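Please open the model in your viewer and keep the sequence panel beside it. The tour below goes from the whole chain to single residues, and each stop says what to select next.

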Amino acid sequence: AAGELVHGTEPRLYELRDGELRVRSGGVRVSTRVLALDGVAEAGAAGIDVCFVSLEHGVYTGAVESGVLDLSRWKLYNEQQLLRAKVQMAMPVAALRGRLRAGPGDTLAMGSAGGGPYAA
């Protein structure tokens, strides 16, 4: 799998180009910068889940540069949902395990430990 991004032994559809992950067939551009919610650094890889936030061009550029975004205003997806939705630009979000849940339509939602809305 030389030159491929892999998850386990499964080759992915992405290539690293211009500081972004891009689907080889075109379409979605995913930032290599991750938005990490509170507590993620202490949790380690085994204690987190990753989703993707779909963004418009200007917001994407600002979020990549600043590393700050209000997630309550944007749609969240897992990888399969991201590709189905034909999203153009996305940024990965690392959240504590158990915070992601099914959202409206074919999206995800972020919940707090108490079950209420969670914006970062």
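Begin with the whole chain shown as a surface: its accessible surface comes to about 7000 Å², of which 54% belongs to carbon and sulfur atoms, where accessible areas come from the Shrake-Rupley method with a 1.4 Å probe and, for residues, only the protein chains shown count as cover. Before you go further, note that this is a predicted model, in which local features need pLDDT of at least 70 and side-chain atom pairs count only at pLDDT 80 or more, while totals for chains, interfaces and linings use all residues. Residues are numbered from 1 along each chain as its sequence is written, and side-chain values use heavy atoms, with hydrogens and water left out.

**The whole chain**

Now switch to a cartoon view, in which the chain has three helices and 11 strands; here helices (H or I, at least four residues) and strands (E, at least two) are DSSP runs, numbered from the N terminus. If you follow the cartoon along the sequence, the pattern reads β-β-β-β-β-β-α-β-α-β-α-β-β-β. Of the 120 residues of the chain, 36% count as buried, and buried means under 20% relative accessible area, exposed over 50%, and partly exposed in between (1.4 Å probe, protein chains only). Among the contacts with a separation of 6 or more, 61% are between residues 24 or more positions apart, a contact being heavy atoms within 4.5 Å.

**Strand β7 and its partners**

Select residues 48-54, which form strand β7; five of these seven residues are buried, so the strand is largely enclosed by the rest of the structure. Which strand pairs with β7 over seven bridges? Add residues 89-96 to your selection, and you have strand β9, which pairs with β7 in the antiparallel sense; two strands pair if DSSP finds at least two bridges between them. Next add residues 76-77, which are strand β8, joined to β7 by two bridges and also running antiparallel to it. In this second pairing, Val53 stands opposite Leu76 of β8.

Stay in β7 and select Ser54, which is found in this strand and has Ala90 of β9 as its bridge partner. Ser54 has a relative accessible area of 18% and is therefore buried. Leaving aside the neighbours of Ser54 within four places in sequence, you can look for its contacts with Trp74, Lys75, Tyr77, Val87 and Met89.

**The nonpolar cores**

Now select Val53, Leu55, Leu69, Leu71, Val93 and Met110, which have the most contacts inside the largest nonpolar core, a set of 20 residues. A nonpolar core is a set of buried Ala, Val, Leu, Ile, Met, Phe, Trp, Tyr and Cys residues joined through side-chain atoms within 4.5 Å. The elements that give two or more residues to this largest core are β7, α2 (57-66), β9 and β11 (108-110), and β9 gives the most, with five residues. Apart from this core lies another, of nine residues, among them Val23, Val30, Tyr77 and Val87.

**Charged pairs**

Side chains of opposite charge can pair when their charged atoms come close. A search of the whole structure finds six salt bridges, each being a side-chain nitrogen of Lys or Arg within 4 Å of a carboxyl oxygen of Asp or Glu. Select Asp18, Glu20, Arg22 and Arg29, which are linked in a network of salt bridges. Within this network, the side chains of Arg22 and Glu20 meet at 2.7 Å, N to O, and both of these residues are buried. Arg22 also forms a salt bridge with Asp18, the closest N and O atoms being 3.9 Å apart, and Asp18, at 65% relative accessibility, counts as exposed.

Move on to Asp106 and Arg84, which form a salt bridge whose closest N and O atoms are 3.0 Å apart. This pair links distant parts of the chain, 22 residues apart, with Asp106 in the loop between β10 (100-102) and β11, and Arg84 in helix α3 (residues 79-84). Asp106 is partly exposed, with a relative accessible area of 36%, whereas Arg84 is exposed, at 53%.

**Last stop: Gln81**

Finally, select Gln81, which is also found in helix α3. Is Gln81 buried or exposed? With a relative accessible area of 7%, Gln81 is buried, and apart from neighbours within four places in sequence, Gln81 is in contact with Leu76, Asp106, Thr107 and Leu108.
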